[in-house]
Every structure is written in structure tokens, then in C-alpha cells.
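Visitor: I should like a close look at a single part of this model, taken together with the surroundings it shares. Please give one connected account that I can follow against the coordinates.

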Amino acid sequence: MAMSDARPSSFDWTVGSAIGTAFSTVFGNLVPFVGLALLIGLPSLLLTLAGVPELLKTIVDLVLGQVVTITLIYGTVQSLRGTKVGIGECLSQGINRLPAAIGVAILAGLGIGLGLILLIVPGLFLMTMWAVAIPAAVIERAGVGASFTRSSNLTEGRRWRVFGVMVVSWIVVMAITMGIAFALVGATGAQSMSLVFIVMWIVGAVLQAYMSSLSGVLYYFLRRDKEGADIESIASVFD
């Protein structure tokens, strides 16, 4: 489980620069990114309000969350090249590339989740090693196995940095989610749980947009770092 970060590179990036770039990308495209996350996450909200069994909702959330990531990787790449995108454009590009990526997204989520449940450390390692498997599947149209291999190769030698980016981001996301949820429940009481669910749907959409953008930013940073690829060459697959 070596996570060496020692190899030099002409492109210097840090945990802070990756997180900052993802934040600026989302807030520079707040309406299309969050709007898309809200739209795709709407079935989850409706299931919650309907009181469906938690297991079913968890499965739906897993799938829909990955669909958000897949569609917003396109938006992130276009934003990094200085191009504004709309909800329709992101959605059409994402759906077009969905078959190549949804298997990777679901398997990665299940594998990481299982690793975290069992022993925690294997889950964290898989999260780091597979951090850019979904962007590889979306952008390079790699198959399932090839996407995991590609991510492993790109993160090799940079895994402590990738790990730092992912852990800091998840801590921030969990702190914001739990803080707002507790504040809402405390302010509105159990009788207003529908309002809590709606507000958390909106908050969750913002945070999902950020995590999706972060995936695309990490892929770009690693490609530029290890292969010298610029954003135009990466984005050219969508032209």
C-alpha cells in the first residue's frame, strides 16, 4: 500500500490548490452545476418525502450521485478550459458517456464503502487509488478494468496528495452536512422534517457538485503533472 509522493514534476500542485480550483469551478458555474445536481437528485428527495425503505433510498442515492459526478466531469473540464456550459449541455454529454462510466462509478463506490466498513484503511487506500477512475472512464472511454488501472497509474507516486485532498474534502462535506442538519432539526423540530429534507436536498446538491468537480480537477492535475497534458488536449475528446 505504498503511497509515495516523492517524484518531482514541472507542474506543482498541492492539496490546497486542488481544493481551491474545485471550489472556484463550482462557484463560477453555480447555476448549471448545482441546478444539474438538484435535478438529478430530485427522485431521491421524492423517495425521502414518501418514506420509502432506507435501503432502497441508499441504492438510489448511490446511483444518482454517480450520475451527477459523470455529468459534471464534462462541465468541469470545459470550465477549466475557460468555456461556460449550461445544464442541458452537461446533461447531454453526461448521458452520452454514461454507459462507459456508470459501472466504474458503482463498483468503485461499493468497493470503497465495503473497505471502509470492514477495516477502514483498505477503504481509504481504494478511495485514493481509484480517485480518478470515473474521469478516466468518462474522458478516455476506458472500460471498467482499464479505468481502475488508469487511475492506479495516475495516482501512483502522488497518493499522499490525493489522499489529503479527499480526506480534507470529506471532512468539510460531513461537517457542513451534519452542522446544517442539526441546526435545522433544532430550529424547526420534528414536525417540520419535510422542510429539513428539502433544505438538505439543496445543501447536498451544492456539496455533490463540489465533489464531482474535484474528481475532474484531480484528473486534470494528475494528467498535467505526470504526462504534461494540457487542458485543451484533455477537453478535445468532447469536441
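Guide: The account below follows one helix, α9, through the pocket, the core and the contacts in which its residues take part. The model is a predicted one, and the values given here are computed from it.

Helix α9 covers residues 193-227. Its part in the largest pocket is a suitable place to begin. That pocket has a volume of about 1,700 Å³ and is lined by 47 residues. Nearest its centre lie Asp61, Leu62, Gly65, Trp170 and Gln208. Two or more lining residues come from each of α2 (30-50), α3 (54-80), α4 (87-118), α5 (121-129), α6, α8 (159-188) and α9. Among these elements α9 gives the most, with 13 residues. Sorted by class, the lining consists of 31 nonpolar, 14 polar and two charged residues.

The helix also enters the largest nonpolar core, a set of 67 residues in which Trp13 and Leu218 touch the most other members. The largest share of this core is again from α9, which supplies 15 residues. Thus α9 is the leading contributor both to the pocket lining and to the core.

Trp13 offers a way to trace the surroundings of the helix. Apart from neighbours within four places in sequence, Trp13 is in contact with Leu218, Phe221, Leu222 and Asp225, and also with Ala18, Arg158, Arg161, Val162 and Val165. Two members of that list, Asp225 and Arg158, are themselves paired: their side chains make a polar contact at 2.6 Å. Asp225 is located in α9. Is Asp225 buried or exposed? Asp225 counts as buried because its relative accessible area is 7%, under the 20% limit.

Tyr219 is another residue of α9. Its relative accessible area is 0%, so Tyr219 is buried. Leaving out residues up to four places away in sequence, Tyr219 touches Val132, Pro135, Ala136, Ile139, Glu140, Leu154 and Ile234. Val132 is 87 residues from Tyr219 in sequence, yet their C-alpha atoms are 5.5 Å apart in space.

Two residues in the Tyr219 list, Ala136 and Glu140, recur around Arg150. Arg150 lies in helix α7, and its contacts beyond four places in sequence are Ala136, Glu140, Arg223 and Glu227. With a relative accessible area of 18%, Arg150 is buried; the class applies because the value is under 20%.

The loop between α6 (133-140) and α7 (144-155) holds Arg141. Arg141 is not a glycine, although its phi is positive, at about 50°. Its relative accessibility is 44%, and Arg141 is therefore partly exposed.

Ser194 brings the account back to α9, where this residue is found. What is the exposure class of Ser194? Ser194 is partly exposed, because its relative accessible area is 44%, a value between the 20% and 50% limits. Ser194 also has a partner distant in sequence: Leu49 is 145 residues away along the chain, while the C-alpha to C-alpha distance is 6.5 Å.

Taken in order, the residues of α9 described here include the partly exposed Ser194, the buried Tyr219 and the buried Asp225.

Note on methods: Residues numbered from 1 in each chain as written. Predicted model: local features only at pLDDT ≥ 70, side-chain atom pairs only at ≥ 80, totals over all residues. Heavy atoms only, no water. Helix = DSSP H or I, 4+ residues; strand = E, 2+ residues; numbered from the N terminus. Buried < 20%, exposed > 50% of the residue type's maximum accessible area, 1.4 Å probe, protein only. Polar contact = N/O pair within 3.5 Å; in protein donor to acceptor, adjacent residues only side chain to side chain. 1 Å grid on protein atoms, 1.4 Å probe; cavity = no way out; pocket = protein on both sides within 12 Å on 5 of 7 lines; lining within 4 Å. Points joined across faces, edges and corners; volume = space filled by probe spheres on them. Nonpolar A, V, L, I, M, F, W, Y, C, P; charged D, E, K, R; others polar. Core = buried A, V, L, I, M, F, W, Y, C linked by side-chain atoms within 4.5 Å. Contact = heavy atoms within 4.5 Å.
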